[in-house]
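Here are some comments on local backbone geometry and on one helix, set out as numbered points. Please read them with the structure open.

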Amino acid sequence: MTQGESWGGYPKAAQTFRNVRDRHAALSLPPDGTALAFGNGRSYGDVCLNDGGTLLGMRGLDRFISFDAETGVLECEAGVLLADIIDIALPKGWFLPVTPGTKFVTVGGAIANDVHGKNHHREGTFGRHVLAFELLRSDGGRRVCSAGENADLFATTIGGLGLTGVVTWARLQLKRMGSAFLAGEQIKFGGLNEFFALSEASAATHEYVVSWIDCLARGASLGRGLFMRANALSADEAAARGAKAPIVLPLAMPLTPPISLVNGLTLRAFNAAYFYRQRTREAARLWHYGAFHYPLDAISNWNRIYGPKGFLQYQCVVPARDQRAVSEALLKEISRSGQGSFLVVFKVFGETTSPGLLSFPMAGTTLALDFPIKGATTFALLDRLDAIVCEAGGRIYPAKDARMSVETFRRGYPRLEEFRKFVDPRLGSSFARRVMGTA
Amino acid sequence: MLRIAIFGATSGIAEATARVFAGEGARFFLVARNAVALSDIAADLKVRGASEVLTRAADLGELDALQGICDEAKAGLGEIDVALIAHGVLPDQAACENSVEATRDVLAINTVSPALLMTRLGEILARQGAGSLIVLSSVAGDRGRPSNYVYGASKAALSALGEGMALKLAPQGVNVLVVKPGFVDTKMTADFSKGPLWASARDVGEVIAAAVKAGKRGTLYTPFWWRYIMLVIRFAPGALVRRM
Ligand SMILES: Cc1cc2nc3c(=O)[nH]c(=O)nc-3n(C[C@H](O)[C@H](O)[C@H](O)COP(=O)(O)OP(=O)(O)OC[C@H]3O[C@@H](n4cnc5c(N)ncnc54)[C@H](O)[C@@H]3O)c2cc1C
């Protein structure tokens, strides 16, 4: 069992791993050096790493505390996976109010990165649905935090990248969901104008909206992609459509190939195939929640496809103001480099403000994609993308980052100075040392 | 809906096994020493679907109380469909080698206590004419090795007792099953560095639950390939085992 690796496999870090198994116990700190809570390592870069220090493995805190099937209020320990919540809540008609694109993340990790999903335009971030949590700090303090109690620690811990304390348990408000299915449409679009028009039209009618854009298409087809929108079905609607849970085959990438299997050739072929597979412009679709929300979870360890050097994931958001022009500039830069992954995920975030001081989402457009690491050229490309994003007043997502500069972080997160006051002196991460200049 | 009594309910493997049954609406009678952990586990199993969870905080090293606790389990559940005995310690081998007290304490909690429970529960299940009695032993009991023979011996007794009871009680409708896990990642083994032979408590719990539901009796190695590893180790020459 490799412990303490992030999902991108880059950077590598060496740290002492301690499992936390008792939420009543005091914070288990090493005699010296810093510690950091480690959830399920689904962050791509270094927010979950603490090179040269200690990681506190939180997966051992995996007990539920209570669930009220009338109100949808769930209490559980911080190491419980979102997948486990779905298992107990969906049969009772409840679902996660907000979910990222993998269900294998812990509640603590979802809070610390204040994660978002395909319904951001409706529900905002995960943190908005957190009613309360308990925070352990190195001063021995054990505080229950909510909007009304220890409100400053509540706001700094949501999106606080694990630096303000260790969350032991949380109380969440789940959302009604009558079945395991969603229905909607998958629509081919030819360019960014169409993408933004579809996004605007669908925001009011559909809870879940996301798109994939072919980042290798150039010229006239620049910005072509697939737009997906869906609403959850009630039990009756699902039954009327004869929806059946799919048989999921356990697929896994058994080992890391010696070199990355992702290169210019495979990319172009894959993207073209993906785009032309759908013949009509618009197709009605019925999805099981697994296929809709978590397509990548179907292949465990898919990240190994990139080979031993690992890969970088890049996610930024640009403010609504110039989102059309800035998105185009970013796409052109990526397309010219020929480096990006299969597809860029595109989504328009809504106006809802995020509760955390360092939460990533803001009203505007977000895009996310993978890059196999090809050395300096890859890093140079991402620096160019950063420059475009910063210039536009946007920011980079720490959960996906392994390389942004101190300056890029500072410009993207204007509340950083306020946040610093709440950082626990005994906690630290590779990310914090790299971009925040902390110990 | 199964009625399940668990002795040593805070053991990682017992908890993982209980979670599988909770998802199917089981009723539980849980016994363990740590009252806080016990009530945490009870709450967790309820959220996972258990229809009722009764708890009894007790030190299973207090041998005189054991028979009474078995009877409480029977009274609390009505019938016992499954009894799982899971408590035990992983002793410091070196300390035991130089201490009669330390060795005695290990044998009391790992051997005598489970053996007394097996005896009483065997009686109860035989009287019911049905039920499964599961005891957690260990692959370490298959051959005494220099690095952990006290632990191995404490478990070997349970294996022999369970194997015999399995044959004896089968005609009376009782399935006795000795479970021999290999290396399992739990709080008992927190200080070990983990290699590829290690299994998660969750995987082991799922295997045990499946075996119980299939009515298996006799011996269960988990993961299954430990059967072959132990076959080799049992017949390996002493010169080799000396280094293990
Ligand atoms: C396939 C895939 C798809 C994804 N899709 C999305 C998406 O759509 N939207 C999105 O927002 N993110 C997405 N992500 C990123 C992922 O949701 C976040 O990185 C998430 O925070 C990972 O949670 P984790 O439990 O693995 O935590 P880790 O990655 O282990 O840790 C993340 C952070 O949480 C902190 N932390 C963990 N536990 C605690 C605790 N108990 N107390 C305090 N701090 C703690 C850590 O210190 C660290 O700073 C995706 C990731 C993958 C692999």
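1. A:N150 sits in the loop of chain A that runs between β8 (142-146) and α4 (151-157). In this predicted model, the phi angle of A:N150 is near 50°, which is a positive value in a residue other than glycine. Because 18 other C-beta atoms lie within 10 Å, and a residue counts as buried at 20 or more, A:N150 is classed as partly exposed.

2. A second asparagine, A:N301, deserves a look as well: its phi is near 60°, again positive in a residue other than glycine, and A:N301 lies in the loop between β16 (299-300) and β17 of chain A. A:N301 counts as partly exposed because it has 13 C-beta neighbours inside 10 Å, the cut-off for exposed being 12 or fewer.

3. Two cis peptide bonds should be checked by eye. One joins A:Y10 and A:P11, with omega about -5°, and A:P11 belongs to the segment before β1 (16-19) of chain A. Another runs from B:T222 to B:P223 with omega near -15°, where B:P223 is part of the loop between β9 (218-222) and α8 (226-235) of chain B.

4. Helix α10 of chain A, residues 376-391, has 16 residues and spans 23 Å from its first C-alpha to its last, close to the expected 22 Å. The buried residues of α10(A) are A:L381, A:L382, A:L385, A:D386, A:V389 and A:C390, and they pack against β17 (311-319), α9 (323-337), β20 (395-396) and α11 (406-412) of chain A. Just after α10(A), A:G393 adopts a positive phi of about 85°.

Conventions: Residues are numbered from 1 along each chain as its sequence is written. Chains are lettered from A and ligands numbered from 1 in the order in which they are written. This is a predicted model: local features need pLDDT of at least 70, side-chain atom pairs count only at pLDDT 80 or more; totals for chains, interfaces and linings use all residues. Helices (H or I, at least four residues) and strands (E, at least two) are DSSP runs, numbered from the N terminus. The expected span of a helix is 1.5 Å times one less than its number of residues. Two residues are in contact if their C-beta atoms, placed from the backbone, lie within 7 Å.
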